[in-house]
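I opened my notebook for this one and went through it chain by chain. Here is what I looked up, in the order that made sense to me.

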Amino acid sequence: MMWLLAQEQAPTPTLGIFSTGSAIDFAFVLLLGVIIWIMVARARTGRKIPEIRKIAGLEAVDEAIGRATEMGRPVVFIPGINSVDNPQTLAAFGMVSHIARQCARYDTRFLALNNDPLPYAVIEEITRQAYLEEGRPDAFNPDDIRFLSAEQFAFTGAVIGIFERERPAANIMVGSFYAESMILAETGSFQGMIQIGGTANTHQLPFFVAACDYALIGEEIYAASAYLSKEPVMYGTVVGQDWMKIIIALLIVTGAVLATVSPDSTFLSDILGGY
Amino acid sequence: MRKEGPMILTVLSSLVVVFSQYFFLGQKWALMDPLNNWFLISMSIALALGFVNLTSIHVKYLQRKREGWFYSIILLVCMYGYLALGLIQTHNGLQFDWIYQNAYSPLGSTIFSLVAFFITSAAYRAFRVRTKEATILLVCAVFVMLGRAPIGDAMWGGWSAFVNKWVIGTMNVAGMRGINLGIAVGGFATALRIMLGLERAHIGGSGTQ
Amino acid sequence: MKIDRRLLYLVAVVLVAVTVFFPLGLPVSVSKLAVQTYDAIQDLPDNSVVFIAPMYDPGTAGELSPMLKAMLYQCMERKYRIILGNTGWTLGAGLAHTIITPIAQEFNYVYGTDYIELGSKPGGAIWLQSAKADLPGAAIVDYNNNSLGQYPLMQAVPRLTQEYVAAALVLDCGTPGAPEWLAQITQGTSIKLIIGEIQMTVPDQMTFVQSGQYAGMIAGSRGCAEYEQLVGRPGAGLKSQDTMSVITLMITLFIVLGNIGYLTRKK
C-alpha cells in the first residue's frame, strides 16, 4: 500500500536540460546524426565513400522485373502490414520508387497491395511521380495501387486471391510482416513466382528464407534505398550507420572486458545508465 | 512547394518529437500531445481514403462485369452494412457483436491456421541439405523443435532444459542481440535520413537528395 | 519423390484430430522461465494493481487466450486489482471480455472496484504515452462506453506509472506489443513487465528476458502449459501439447523424407 500512498516525485532534469535519464540517449542520437552528416558531406564534396557489399536480394530486383516483363505478367509489391510510423515501411517506400520506375520504363504492370491506408496513399503518389518522371503518365493505373483491408488475415486472403487471378511473375515483399508472411510466400512459391522477401521482424525471417528465392535480412532493407539508387550521398548514410555499429560493438567489448576483469565495478553502467 | 511543404512539415514535426522525448522542457510543455492527437485523427481520415479506394475499384469491377463481380457485391454489402450497423448500434450492439464473435473472429483464426499447413509443405519442399550451413541449420532446427515439444523430454529427459538454456537462452540470444542492434541502428538511420531531408521517396521524390 | 502437398495436409489434419480425441498424456516438465514468470506475478505486493494488456487478435487467440485465462486466475487468486485493456488491437478487447467475465464472477470480483475493462484504444505507443500522463483522460470510457470517473479503481489509478501500477502483463503477438510497453511505460521504473508470447516470437524476445527488462515470459504454447500447471488450472495450453508433439514428429519426418528424395535425385 506504501507506493499507493506515496507522494509522486516531481521529475528532475538531468544536467539541467534533459529529461530524466535521457542525456546519454540524446548523445547517441546526436553522434549518429553527426557521423551521417560527415559521411554525406564527404560524398557531396566528391570524396571516396566505401561501396555497399553485394546484396543478392537487391541485385535480384531488376532480374525479377525483367522476368515479369518477358512473361508479360505483373510485378507485385507488398510494403508490409504496418503504417508509416514504422521504419520498415519507410524503407519499403525507398524501394517502390525504383521498382515503379523500372516498371514504367519497361511497360510492365505494377501492382502494389496495401494493408494500411496511409502507406497506400503514399505509394500511390510515389508511383504516379515515378511514371511521370519516366515520361509515361498515361501508363499509370491508380487501380493497380490498392488498399485491400486493414485486418491482417482479410488482407492475406485478398492477396492470395490476387495471386491466383492476376498470376504475377514477381513478388517483392519488403516491410514489416507477421504471421501472414508464410502464407504469402508459400502461395507465391506454389504459383512459381520469383520472390524477394525482406523484413526486420526477425521472427518472420525463417519463413522468407525458406519460401522466397531471395531474402533481405534485417537491416539490409534499410540499405535498399541507397543500394538501388547507387547515389554516393545515400551510401554515405549507410556508412554512417555502420560506423555507429562499430562504436556500439566497441562499447560492448569494453563492457564485457570490464565485467570479466572487475565484476563489481559499475563504472560503465553508471555512465550509460546514470544520465 | 508541393514537395518542399511536406518536407518542412516532416522536419519540424521530427524536431518537436526529439525535443519532447529528450528535453525536460519538451516534456513539461507536453508538445507531443497535439501531435499525438493529430496522428490519430489523420489515421482515421486515411481509413476513409481506404474505403474510397475499395469502393472505386469494386464498383468498376461491377460496371465492367469483370470475372468474379458477384464477390464485389458481397464485399460492398458487407463493408457498408457492417459500418452502418456499427454506427447505429456501437460495438456493444447485439447483432454487431454476434457477427464479430461468430463470423469475423473465426475467419481470422481460419486463415491464421493455414500457416500450420504451409509450414508443413515448406518443411517438405524447402528444407534441403544443399550446403554445409543449410545442414547445420536443419539439424539445429529439428533439435529445437523436438526440444520444445513434450515428445523431446519423453525421448531424453533433459532435452527441453538443454534447448532452453543453451540453444534459445545462449546461442540464440547472442545472435539475436547482434541482429536487433543492427536493425535498431538501421531503423534509426532511416528515420534520421527523412528528418534531415536526405530521403524523399515518401513524398513522391526520386528517392534521394 | 514428389508427394502431393494435399496429402501432407491430410496427414496433418488426421494427426491433429486423432490427438484431440485420443490424447497421449505426455508429461510436460516445468522450465525455470515458467517458474520465474509465475513467481514474478505471485510476489507482487498485496492489493497491487496490475494492468493486463491482451495485445492480440483472433488469429493468435489459440495460443494467447489460454495464457490470459491462467494469468487472470493467478491474479484473482492473489486478489490483485485488474485493469484490462489494450491499444491497437480492437479484436483483442472483445476476446478478453469473453474470458474475464466468467472468471470475475467465479471470484466475486466487483466491476469498477476490483477490475475494469477499458477496451481497445487506438494509437499504440502514442496512446501509452498519453496513458502514462493521464490514464482516465487517455482511455475516456470503458469497454461498455461508460465514463471512467465513476469507478473507484480508475480514481485510484490516475496515471500509468509505478506509483499506481505494480505490473504490466502483456500478451503480445505483433506491433504494438511488449516492446512499446517497455519503451513507453516500464523502462527505468519499478513496474514489472511480464509477457506472454506466441512461439514464433519467443527467440526474439528472449534477449529482453535475459537482460532483465522483462521480469518473465510465458513462451508459446509450451510455456502456457507449464504456467497452467504452476497456477494449478490445467487448460487448453496443456491439452494442446500432445498435438504439438505429434505434429513436430510429423514435420521432422517430412523433412527427412524430402531430403531422402533430394539426395536420391542428386545422385
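Before the first entry I wrote down one cut-off: I call a residue exposed if 12 or fewer other C-beta atoms lie within 10 Å of its own, and buried if 20 or more do. I also noted that this is a predicted model.

**Entry: backbone oddities in chain C**

I began with a general reminder that most residues other than glycine have a negative phi, and that most peptide bonds are trans. With that in mind I looked for exceptions.

Lys79(C) was one of them, with a positive phi near 60°. I found Lys79(C) in the loop between helix H3 (61-77) and strand E2 (81-87) of chain C. Is Lys79(C) buried or exposed? I counted 12 other C-beta atoms within 10 Å, so Lys79(C) is exposed.

Ile140(C) went onto the page next, because its phi is also positive, near 65°. Ile140(C) sits in the loop between helix H6 (135-139) and helix H7 (152-156) of chain C. I got 12 C-beta neighbours inside 10 Å for Ile140(C), so I put it down as exposed.

Then I checked the peptide bonds. Which form does the bond from Thr175(C) to Pro176(C) take, cis or trans? I noted it as cis, with omega near 0°. Pro176(C) belongs to the loop between strand E4 (167-172) and helix H8 (178-186) of chain C.

**Entry: helix H9 of chain C**

I turned to H9(C), which spans residues 202-210. Which of its residues are buried? My list holds Val202(C), Pro203(C), Gln205(C), Met206(C), Thr207(C) and Val209(C). I then asked what covers the buried residues of H9(C). From chain C, the cover includes H8, strand E5 (192-197), strand E6 (216-219) and helix H10 (220-231). Chain B contributes too, with its helix H8 (159-195). Just after H9(C), I marked Gly212(C) for a positive phi of about 85°.

**Entry: chain B as a whole**

How many helices and strands does chain B have? I counted 8 helices and 0 strands, and from the N terminus on they read α-α-α-α-α-α-α-α. The radius of gyration came out at 26 Å, well over the 17 Å that the globule rule gives for 209 residues, so chain B is more spread out than a compact globule. I boxed its C-alpha atoms along the principal axes and got roughly 65 × 55 × 40 Å. Buried residues make up 31% of the 209 residues in chain B. Of the chain B contacts with a separation of 6 or more, I found that 19% join residues 24 or more positions apart.

**Entry: the sheet of chain A**

I traced 6 strands of chain A in an open sheet, with parallel pairing and the order E3-E2-E1-E4-E5-E6. Strand E3 (145-147) and strand E6 (214-217) are the edges, each pairing on one side only. Ignoring direction, I found neighbouring strands turned by 15° against each other on average.

At the E3 end, 3 bridges join strand E2 (residues 110-114) to E3(A). One residue I looked up there was Leu113(A), whose bridge partner in E3(A) is Arg146(A). Helix H3 (residues 56-71) of chain A lies across strand E1 (75-80), strand E4 (170-176), strand E5 (194-199) and E6 of chain A. I noted an angle of about 145° between H3 and E5(A).

**Entry: where chains C and A touch**

My last note concerns the contact, which takes 11 residues from chain C and 15 residues from chain A. On the side of chain C, I sorted them into 2 nonpolar, 6 polar and 3 charged residues.

Conventions:
Residues numbered from 1 in each chain as written. Chains lettered and ligands numbered in written order. Predicted model: local features only at pLDDT ≥ 70, side-chain atom pairs only at ≥ 80, totals over all residues. Helix = DSSP H or I, 4+ residues; strand = E, 2+ residues; numbered from the N terminus. Rg over C-alpha atoms; globule rule 2.2 N^0.38 Å. Contact = placed C-beta atoms within 7 Å. Nonpolar A, V, L, I, M, F, W, Y, C, P; charged D, E, K, R; others polar. Pairing = 2+ DSSP bridges. Axes fitted to C-alpha atoms, helices over the stretch in contact; angles between N-to-C directions.
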